[in-house]
Amino acid sequence: MAKLLLEISQATKYFAGLRAVDDVNFRVFEGQICGLIGPNGAGKTTLFNIITGFLSPTSGKVIFNETDITGTAPETIAKMHLVRTFQQTNMFSHLTVFDNVLTGTFLLNRYNLWDSIWKTKNFRNNEDELKKLTYQTLRYCEMEHLSSTRASNLSYGNQKKLGLAIALATRPQLLLLDEPAAGLNNKETMQMASILKKIQKDFGITILLVEHDLKFVMSLCENIVVLNHGQKIAEGPPNTIKEHSKVVEVYLGTNHQHNSH
Amino acid sequence: MNKTNLIKALSFLSLFSIPLIISNPYYGDVLIIYCIFVIYALSLDLLLGYTGIISFGHASFFGLGAYASAIMTLKLHLSYWLGLLIAVGITAVVAFLIGSLTLRKLKGIYFAIVSFAITQVFRFLVVEWETVTNGAAGIASIPPPEINLIFEKIAFKSEQSYLFIVIAFVILVTLSLYRVVNSGLGRAFLAIREGEDLARSIGIDTCKYKKIALVISAIIAAISGSLYGHYISAIGPRIFSLHYVSLPLIIVIVGGKGTLLGAFIGAALFFVLPEFLGFKPEMKMVIFGLLLLMSIIYMPDGIASKLGQIRDKFFVKNGEIKNGKVTVRN
Ligand SMILES: Nc1ncnc2c1ncn2[C@@H]1O[C@H](COP(=O)(O)OP(=O)(O)OP(=O)(O)O)[C@@H](O)[C@H]1O
Ligand SMILES: [Mg+2]
C-alpha cells in the first residue's frame, strides 16, 4: 500500500448558514492522481481552499504528511510542498512566461540580500540553477517557445498551462489542480492530460484535481471523490463511479438542472 | 575583472567628471536637487512600481531621514556619516513598526490613506517636540557633510563638491536596487504586485515581503531626505506636507513605475527641464499637472515603459530560444 499523503477528516465549512462543505472525509495516497468532481457549487473549490489554507474550516481537520495543517497559512503550506492552482486563470500577468515560472522557484532560493547585491558566486550558481529548472519546466509544459511572451498575451489554453508550470516550478509533492482543462479545446485537453501523466510518472508528484470534463477525469484518475451540495456522495475508481446510482442521478437526473447555473 | 566589468566601472567613474565639468553653481544646484529626488523617487518605485503598494506617506521617511540626521549632527555633534547611519537606522525601525501595524490589515487605497495620516502625525510631532526639533520654526544651519582627513577637514560646502556626494549615492542606490529587483527578492515583490493569492500559493509570505519592501524603500527615502536637509541646510515641518508626498509619486508615475529608469526620466522632467525652459515655480506645477494628466491618458505605464515597448517593437523578437539557451528579457 502506498503511503498516506493527505487526509481530510470531517471537513466542514459554513458560509452564513450555507453548508458549502459538509463533513467530508477522504484520503490521497502518494503517487496517485485523484479526482474531485461534482456539479457547480458542490464545494470543490471551497475544499481546495480549506486544504491549502486560503480558508479555515468551520470544523474538521486536514493532515498532510502526518502533520496537522488545518488553518495554517497558505505560504507555510506551500513550503511543505503542497501547492495548488486556481480555477480562474491566475498568473503574473505583466511578466514574461519565463519570469512567471522563475518566480515559481521562489522557495528554492538559497541566497540572501547581500549575495544578490554583490552578485556572489552563491547567487550566480543558485540563479543559474533556478533558470535551468525554469527552462526544464517550460519544456515539460511545452511552452519554451513562448518564454519571452508576456503572460497576458497568451491564449487561454496557454494561460492554464502557465498556471500549472508556475506550480510545478515549486517542486511540489502534492499538486492540487482546480479545473486544469476548463475552457481548453480537445487538443489542448489531451495535451494537458499527457503532461499530468508525465509529471506523475517522472517526478512522482501526487495530484488531486477538480474537473468537470468527465472523460478527462475518468482517463486520468485512479480514485474519484464525488461531492454534491458539500457532501461526499461517492468515492472509488472510475468504473465504480461511472455506475454509481447517486452519481448518475446527480449528473444526468433531475438534480442536474437544479444544480447547474 | 573582465572587460565588460571594466567598461561598466569606467562608465560609472566617468559620472564623477560631471561635477568637474559643471562649474556654474546654478547648474550644480539643479543637478544636486535632481539627484536627490531621483533617489527619493527610486525609493518609492520599489514600493509602488515593484511591490504595488500605493503610499501617500513616503514623506514620512524622507522627512524622518532629514530631521534625524540634522538633529544628530547639529544637536549631538556627530559626524554627518554617523548621523546618516543612525537616521537610516531609526527610519528603518519606524518603517518596520508602521509596516507591522498596517500592512497586514490594510490593502490598496486604505494603506495609502493611513500612510498619509502618518505623515501628518510626524508633522504634528515635530511641531510639538520643540526642544529637539525647534517646532514650527524648523532646524536651520544644518552643517554640510565633512570628511576628516588626517591633515585637514574637507567640508562638502560648494555645489561642485556636494554634487560628488549625491552622484555617489545615486550610483550606489541605483546599483543596489537594480540587483535587488533582479533577484529572488525582487521577484517576490513583483509577485505581490501581480497577485497576492498566487504569490502565497507558491510560498511567498506576502506580509513579510511587503514589510521588507517598505523597510528598504524607507531606508533609501531617508538617505535622500538626509542629503536634502544637509544640502539646503534648513528644514521645517513642511517636509511632511503633501508637496513632498506627491513629488515622488508624480515623478514615478510620469517617468514609468517599476522600471527604475522612470525615476531618472520623471525627475528630469520635473527638475531639469523647467530650469532650461526658464519656467517660474508656479508655472512648473501647472505644466507638470498637465504632463501628469497627459501621460496618464496616453502612457498609463509611464514614459520608461513606453520606451521599452518601442525598443521591443524594433529590436526584440518574441520567443528567443537558441540552441536550448533562453535569453531572458527584463
Ligand atoms: N467566500 C464565499 N462566501 C460565501 N459563499 C461562498 C464563498 N465561496 C463559495 N461560496 C459558496 O459555496 C458553495 C460552493 O462553492 P465552490 O466554489 O466551492 O463550488 P465548486 O464546486 O468549486 O463549483 P464550480 O464547479 O462552479 O467551481 C457555492 O454555493 C458558493 O456560492
Ligand atoms: Mg470551483
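Me: How many salt bridges does a search of the whole structure find over all chains?

Reply: This is a predicted model, where local features need pLDDT of at least 70, side-chain atom pairs count only at pLDDT 80 or more, and totals for chains, interfaces and linings use all residues, while side-chain values use heavy atoms, with hydrogens and water left out. Residues are numbered from 1 along each chain as its sequence is written, with chains lettered from A and ligands numbered from 1 in the order in which they are written. A salt bridge here is a side-chain nitrogen of Lys or Arg within 4 Å of a carboxyl oxygen of Asp or Glu. Searching the whole structure with that rule, the count over all chains is 7.

Me: Which residue meets E7(A) in a salt bridge?

Reply: E7(A) lies in strand β1 (residues 4-15) of chain A, and its partner is in strand β2 (residues 18-29), so the pair ties together parts that are 20 residues apart in sequence. Strands are DSSP runs of E with at least two residues, helices are runs of H or I with at least four, and both are numbered from the N terminus. The N to O distance is 3.4 Å, and the partner is R27(A).

Me: Are E7(A) and R27(A) buried, partly exposed or exposed?

Reply: Let's get the words straight: buried means under 20% relative accessible area, exposed means over 50%, and partly exposed is in between (1.4 Å probe, protein chains only). E7(A) has a relative accessible area of 22%, and R27(A) comes out at 41%. Because both values fall in the middle range, E7(A) and R27(A) are partly exposed.

Me: How far apart are the closest N and O atoms of R193(B) and E194(B)?

Reply: These two form a salt bridge in chain B. R193(B) is partly exposed at 29%, whereas E194(B) counts as buried at 15%. Their closest N and O atoms are separated by 2.9 Å.

Me: Which residue pairs with K210(B) in a salt bridge?

Reply: The side chains meet at 3.0 Å, N to O. K210(B) sits in helix α11 (residues 206-232) of chain B and its partner in helix α10 (residues 196-201), so parts that are 14 residues apart in sequence get tied together. K210(B) is buried at 5%, while the partner is partly exposed at 23%. That partner is E196(B).

Me: Which residues are the protein donors of the magnesium ion (ligand 2)?

Reply: Donors are N, O and S atoms within 2.8 Å of the metal (3.2 Å for Na, K and Ca), and water is not among the atoms, so sites may look incomplete. One donor residue lies in helix α1 (residues 44-51) and the other in the loop between β6 (82-84) and α3 (97-104) of chain A, so they link parts that are 42 residues apart in sequence. The first is partly exposed at 25%, and the second is partly exposed at 28%. With their OG1 and OE1 atoms lying 1.9 to 2.1 Å from the ion, the donors are T45(A) and Q87(A).

Me: Is L138(A) buried or exposed?

Reply: L138(A) has its place in helix α5 of chain A. Its C-alpha is 8.6 Å from that of V97(A), a residue 41 positions away along the chain. With a relative accessibility of 0%, L138(A) counts as buried.

Me: What is the phi of N65(A) near?

Reply: Most residues other than glycine have a negative phi. N65(A) is in the loop between β4 (59-64) and β5 (67-68) of chain A, and it is partly exposed at 24%. Its phi is positive even though the residue is not glycine, with a value near 50°.

Me: And what is the phi of S141(B), about?

Reply: S141(B) is found in the loop between α7 (130-133) and β1 (146-148) of chain B. At 57% relative accessibility, S141(B) counts as exposed. It is not a glycine, yet its phi is positive, at about 40°.

Me: How far apart in space are G71(A) and T58(A), C-alpha to C-alpha?

Reply: G71(A) lies in the loop between β5 and α2 (74-79) of chain A, and it is partly exposed at 45%. T58(A) is 13 residues away from G71(A) in sequence. In space, C-alpha to C-alpha, the distance is 10.0 Å.
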